[in-house]
Every structure is written in C-alpha cells, then in structure tokens.
Amino acid sequence: MRVDWLSLVDFRSYRALDWRPDPTVNLLIGPNGAGKTNVLESIGYLASLKSFRSASDSDVISRWSGSSVIRAGIGSIDRERLIEIEIPREGGRRTQVDKTKLKRTAELLGVLRVVAFLPEDLDLVKRGPAYRRDLLDDIAVQLWPSAYLDQSEYDRSVRQRNAFLKSGDRDEVTLAVWDSRLAQAGGRVMARRIRVIETLTPLLAESYSVIASEDAQVGITYSASWIEGAVPSVSAGEYADAIARALEARRRVDYERRMTTVGPHRDEPGFSIGERDARTQASQGEQRTLALAMKLAAHQAITQALSETPVLLLDDVFSELDPNRAEALAGALPENTQTLVTSARPEDLPISGKVWSVGEGDVG
Amino acid sequence: MFEGPVQRLIDELSRLPGIGSKSAQRLAFHILAIEKPDALRLAAAINDMRDQVTLCERCFNVAAGELCSICRDQRRDDSVVCVVERPQDIVVVERTQEYRGGYHVLGGSLSPINGVGPGQLRFDELRARLQTEGIEELIVATNPTVEGDATAMYIAREFKPLGLRVTRLASGLPVGGDLDYADELTLGRALAGRSEL
Ligand SMILES: Nc1ncnc2c1ncn2[C@@H]1O[C@H](COP(=O)(O)OP(=O)(O)O)[C@@H](O)[C@H]1O
Ligand SMILES: [Mg+2]
Ligand SMILES: [Zn+2]
C-alpha cells in the first residue's frame, strides 16, 4: 500500500498542502516545529480515524479554521482509491471513497493501513498499562477494521455504566442491562486482543533477535483480574460470559466507587524476556528493542494478513536511539514498504531515501 | 447585531438543531426577501402544527386528535406492538408496507450519560396498555446503537416474564444488500453476530 499523493487543507500548521511522496523511503527533514509530525499525523488519521497524538479531534483543525480536510490517493496491488475526510469543529465527520459518501465514517477503515512509530512508543514497555491496551487495540483495527466498532461500543458501554453508577440510581434491572451490554462488547474487544497477541508473538521473537542480534525468549503477557490464572484462548462469547460474572461479583464495590472496576478497560498487557517481566526487570536497551520489535512485528502481521505492506511512519525515532540500535533498526526495516521518516538532523539517519525539506507550511 | 426583529429571528433559528449562526442569518434574510404571504404561510404552518398536533394518547405517535391514524385504523392487528424510540421511526417501519400491528413510542433510549433512565421513558404507559389490550408480542425496533440495544435488553428483561413474546429486529447486513457490496465493516459484524437458522 502507498500514499500516492496527499492534500491537506487547514490541518494543523498547513493551510494548503499538496504532496506526492515517493513510493519507497521518504526522509522529511526540518527544524523542530516545522510541521513534520503533522504530515505523518494526517496519514495516521486516515488509517485509524483518530490522531496519534491528541485525544480530541478538534486539535488537528488549524487554529484559524472551522474544519480540516484530508484527501489522499491510495494505491494498492489491485486498485487506486481516492479518500477524503472532513473534520468539522462542530458536528460529525464526513467521509468519501472515490467520491461516494460513506454512510458511516468507520467504513473508511481498511482502505489505508499504517504502522506508526513515535518517540514515546520507545517507552511502551515501561509506561502504564493503558498505553499497551491501546497498542493492541490499534493493531487490531489495522488487522480487522470492524474491531473499531467493538472498541467504540465498549468505550461507550463503560461510560454509560459509569454514568449510571454515579447517578445514585440503584435499579437492578437497569444495571443488569448495562452489565450485559458491556460484557458483550468487552468479550469482542478481548477476543481481538488475544488474537493480536497470538498472531504477533512468533513475529515478535523473530524481530527481536534481528535487532538485538541475539536469540531471546520474548513474549507478550496479558493479565486480567476477571480471569483466574492464565488467560485462555476462547471465543468472544465465552469472554463475555466471564466479564458478566465478574461484573456481578463486583457490584457492591462498583456501586461504592461509582465506576466499573473490572473488565478489559482495566487489564494489563505486558512483555516478558525469558522468565523476566520486561517492565520491571529488563534494561532500558532491552525495553527499547522490544518496542521496536513490536512495531515491526505488527507491520509483518498486517503484511501477511493482507498480502500487502502497510505504510510505515517513523517519527523522530532514529535520533532517540544509540547508533548501534539505530543501525540495527535500519537493517531490520521491511522491504517494498513505503516509509516516511522524520528527523531534524539528517546526518543522524542511517538510511537513505528521497529527501524532502519541511517548513513554512510546505513539503518540497 | 441587526435591527431588533431581524436579530430575534436569527437567534430563534440558530437554536434549531444543525443550524449555526451563519445559516440562521442566511435563512432570516431569505425570509425577509420572499413575498410576504409566503413568509406568513411558514409562520402559520408552525403555529398550526403546534396547535393541532398532539401525541396519541395510546401509542404516543403524533396525532391530530386523541388517537393517531394508526390507532384509529380498525383493520390493524392489536396483538402485536412495535416499540420505537421516536415518532419518526414509525414512518420508516410503515414505509416497508410489511407491518400491520400497532406501535408504542418510548420517547428515547436508555442513556445515563444524558440522565435518561427507565423513569424518563414511557414504560409505565406500556405496562398499562398490557393490562387493557390483548397484546401478545412486542417487536423491539430501537436503534442499532449501544443505547438502543440496552433499551431492547431492558424491555426483554421487564416484559418477557409477563408471558409476552419479545423479538428484536435483525440488524447487520442491509436488507436487499448484495454480499459483494457489503463493506468489510458491516460484513465483519454480521459474521460476529450471526444467528442459528
Ligand atoms: N491546530 C493547529 N493550528 C495551527 N498550527 C498548529 C496546530 N497544531 C500545531 N500547530 C503548529 O504545528 C507546529 C508543530 O508541527 P510539528 O509537525 O509537530 O513539528 P515537527 O516538525 O517538530 O514535527 C507548531 O508550529 C504548531 O504551532
Ligand atoms: Mg515532530
Ligand atoms: Zn396511536
């Protein structure tokens, strides 16, 4: 897959950008604040319908404008598609594929697939569990676009159930209804996460040994308070039943704390190296290698599933790595992949590609 | 700010859903520009609607008298009631020409975020109807949203124990849709939510 052209109107620092990236490696060079990450963010937005650095959509709209428009020509093995999304400050987003309006914004997902690596991802092993939950959920959406609906439904159900608990209402039937709704969506979210872990685990071990140039037993762990012992690999329905049972058992606590204290939104994914917990017992070097390997594994998993390579975004990553690891990453990057790399210092980049100079609202 | 009466209309219009201050301004000046009888006809239509239209005492559909036209229709099957969120949803079901039963408008869906619990919806009115009418089946046609689904579950839990048949409209693939053209998203969901035949 590749972005053949990209056009931005009132997106972050860009009033009007028209850019034709190279189908291979692109190096976006410019000083801090030049607008490099903004370009990558717009491409990431097309692939996941959310910004990789702001929770709120309206942040991406240029300060002077009421709406942003992102347009792009997406090339894949068998076809070329034109996608457009308008993000207004007020009201819903509008999306089109090949000039046809989509009934639901989410139908845009899958047209473009992306794996993004940001500087903060280097710390994904030691950050809080929410970060790793999002990581698994984001990969799930790139693999199976309908996961997006499950995740939105789950978030919505948790918010509704929490609002009910906060309302002071004690109607058991209403609570049971929200329990059941939450459990159903939660079961589907959970099943996707476990499938992501199963798909990525062998690829992760492989990528890790390439970057570290040594073999290691690396794994992805998952602990859920609503499951006793090891997490089994079962159907979404069975996870849903287990969540429903846990919610019922926690009712008193949930009423007291006025929030949902159990479920996939509280689970803790992690990593292991051999017998060690990577979060508490791995060196910073090992943790960073794991983070890099995880993203490469995600890229490979999507490639295998689609027989097509997702676009790879590497934002300021090389400058954060020591020279050895930077070299190792450069050597491990997937082939035949459109890659967008940003850096303020081109001399730090251990890879070559088409060089673009970014600044003053333009890429040229 | 414009001359008093103009600004007043702009303010009123901009309180309507989906109308921003710019559109309100455009509409107000349009109404100022058209022939006076045309403008007054619009005002009269709003007046008449609010004067003459009420909610049906039985099903809470819009009505021009005590009962709506559907409740007045003797040929309709009283044993089946289709439960919807809003009066507009009745129009959608009616358009299919497939349904000959009655309706019950809840007035929304369960949504604690918006302060809507069972007490804010017309469940008591539905219970009262069950006492007096020979209703045997409820067809739940709430929206396919998290809130609509929760409302459907609530109805099943509350009304099934009373010996009623409670069914839910199937969702997933669009009716008449071709599998080839179903987007990946809908198809994924339809597969996940498949049911036994
Ligand atoms: N909503 C916005 N409207 C206008 N400008 C913005 C907006 N958000 C960020 N910017 C500008 O974008 C610039 C940062 O761009 P960024 O892509 O992060 O730079 P870098 O090249 O360092 O990655 C800053 O100058 C900032 O003021
Ligand atoms: Mg940046
Ligand atoms: Zn009626």
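In the predicted model, the interface between the two chains brings 19 residues of chain B into contact with 27 residues of chain A. On the side of chain B that touches chain A, the elements that give two or more residues are helix 7 (146-159) and helix 8 (184-192) of chain B. Of the elements of chain B, helix 7 gives the most to this side, contributing seven residues. By class, the residues of chain B that make up this side comprise ten nonpolar, three polar and six charged residues.

Within chain A, six strands are arranged as an open sheet in the order 2-1-4-5-6-7, and their pairing is antiparallel. The edges of this sheet are formed by strand 2 (14-19) and strand 7 (100-101) of chain A, each of which pairs on one side only. Strand 1 of chain A is joined to strand 4 (residues 67-75) of chain A through seven bridges in the antiparallel sense, and A:Val9 is placed opposite A:Val69, a residue of strand 4 of chain A. Helix 1 (residues 36-48) of chain A lies across strand 1, strand 2, strand 4 and strand 5 (80-88) of chain A, and the helix runs at about 110° to strand 1 of chain A.

Two residues of chain A other than glycine are described here for their backbone conformation. A:Asp10, which belongs to strand 1 (residues 2-11) of chain A, has a positive phi near 50°. The surroundings of A:Asp10 contain 19 other C-beta atoms within 10 Å, and A:Asp10 is therefore classed as partly exposed, because a residue counts as buried only if 20 or more such atoms lie within that distance. A:Ser307 also has a positive phi, of about 55°, although it is not a glycine. A:Ser307 is located in the loop that connects helix 8 (284-306) and strand 12 (311-315) of chain A. With 7 C-beta neighbours inside 10 Å, A:Ser307 is classed as exposed, because the limit for that class is 12 or fewer.

As for the ligand site, 14 residues are found around ligand 1, and those that come nearest are A:Ser13, A:Ala34, A:Lys36, A:Thr37 and A:Asn38. Divided by class, the shell around ligand 1 consists of two nonpolar, eight polar and four charged residues.

Methods:
Residues are numbered from 1 along each chain as its sequence is written. Chains are lettered from A and ligands numbered from 1 in the order in which they are written. This is a predicted model: local features need pLDDT of at least 70, side-chain atom pairs count only at pLDDT 80 or more; totals for chains, interfaces and linings use all residues. Helices (H or I, at least four residues) and strands (E, at least two) are DSSP runs, numbered from the N terminus. A residue is near a molecule or strand if its C-beta atom, placed from the backbone, lies within 6 Å of it. Ala, Val, Leu, Ile, Met, Phe, Trp, Tyr, Cys and Pro count as nonpolar, Asp, Glu, Lys and Arg as charged, and the others, Gly among them, as polar. Two residues are in contact if their C-beta atoms, placed from the backbone, lie within 7 Å. Two strands pair if DSSP finds at least two bridges between them. Axes are lines fitted to C-alpha atoms, for helices over the stretch in contact, and angles run from 0 to 180 degrees between N-to-C directions.
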